Amino acid sequence: MVAPSPYSLIATDLDGTLLRGDDTLSERSLAALARAGRAGARHLVVTGRPAPRVRPLLDDLGCTGLAVCGQGAQLYDAGADRLLWSVTLDRELAETALGKIEAEVGQVYAAVDQDGVDGLTLIEPGYLMPHPTLPALRVDRRDDLWCAPISKVLLRHHTLSDDELATTARSVVGSLATVTMSGPGTVELQPCGVTKATGLALAADQLGLSPQQALAFGDMPNDIPMFDWASYGVAMANAHPELKAVADEITLSNEDDGIAVVLERLFP
């Protein structure tokens, strides 16, 4: 007789983790998640994408429950299409943080994710979207980025690597914001103290689940707080070295159904 899985909560990042490079979900991954669901496990998407950019994917997953979005700044109820909780990044603090970063590295190019279930992604001149499939609205000047409440700022530099930009940003931003790196070409400023772990903890509390019951999958440094919170963290083969260093296990890549491989073992 196969022993039941100890995990009642499965937390998955999207980009580079559950999603393939073309933003699609494999049938094998969907089947593995469904199998875990039949065994009583709850699946939570925990992503840096804001709620409006997650809705179509949640539909593909058949998710009508909770999702953690915006790097933990939003707790989204997919069934009701509303935010149960959200925190915004003060726009004056964001401008100050950008000024401090540019004083060190020269010009950066910025974008923002607006708060709310219908919030837009605005990009200033020179900013290139790392995910060309995601919709964004180009504005004429940086001041236009601050026209409505925002959940985070996205940064790019024309010569510095993501690691270099993130390291410099952390050294000068201090308590103005939390700096994280969530994917190739994606260094972000979010409200101070907000991480995927804070959002995941809030969602788990709503579901009556604990860290000891949680299994987490990810691929980038922004997933480190989630791994620290969960009982067991699984990094993808394509994961950033910083995440692999703290993972309990390394599975196959997102292109090779790494999540499904683990779930098929735990939920046979």
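1. A helpful term to start with: a residue is buried when its relative accessible area is under 20%, exposed when over 50%, and partly exposed in between (1.4 Å probe, protein chains only). D223 is buried, at 0%, and K196 also counts as buried, at 1%.

2. Please keep in mind that this is a predicted model, where local features need pLDDT of at least 70, side-chain atom pairs count only at pLDDT 80 or more, and totals for chains, interfaces and linings use all residues. Residues are numbered from 1 along each chain as its sequence is written, and side-chain values use heavy atoms, with hydrogens and water left out.

3. Now to the salt bridges (a side-chain nitrogen of Lys or Arg within 4 Å of a carboxyl oxygen of Asp or Glu). The count comes to 14. One of them joins D223 and K196, at 2.7 Å from N to O. D223 sits in the loop between β12 and α7, and K196 in helix α6, 27 residues apart. Salt bridges that share partners join D13, K196 and D223 into one network.

4. Have a look at D13 too: its closest contact with K196 is 2.9 Å between N and O atoms. These two residues are 183 apart in the chain.

5. Finally, there is one aromatic pair. Rings of Phe, Tyr and Trp (its six-membered ring) pair if their centres lie within 6.5 Å; planes under 30 degrees apart are stacked, over 60 edge-to-face, and the rest tilted. Y7 and Y232 are tilted, with 6.1 Å between centres and 40° between planes. Y7 is buried at 12%, while Y232 is partly exposed at 22%.

Methods: Helices (H or I, at least four residues) and strands (E, at least two) are DSSP runs, numbered from the N terminus.
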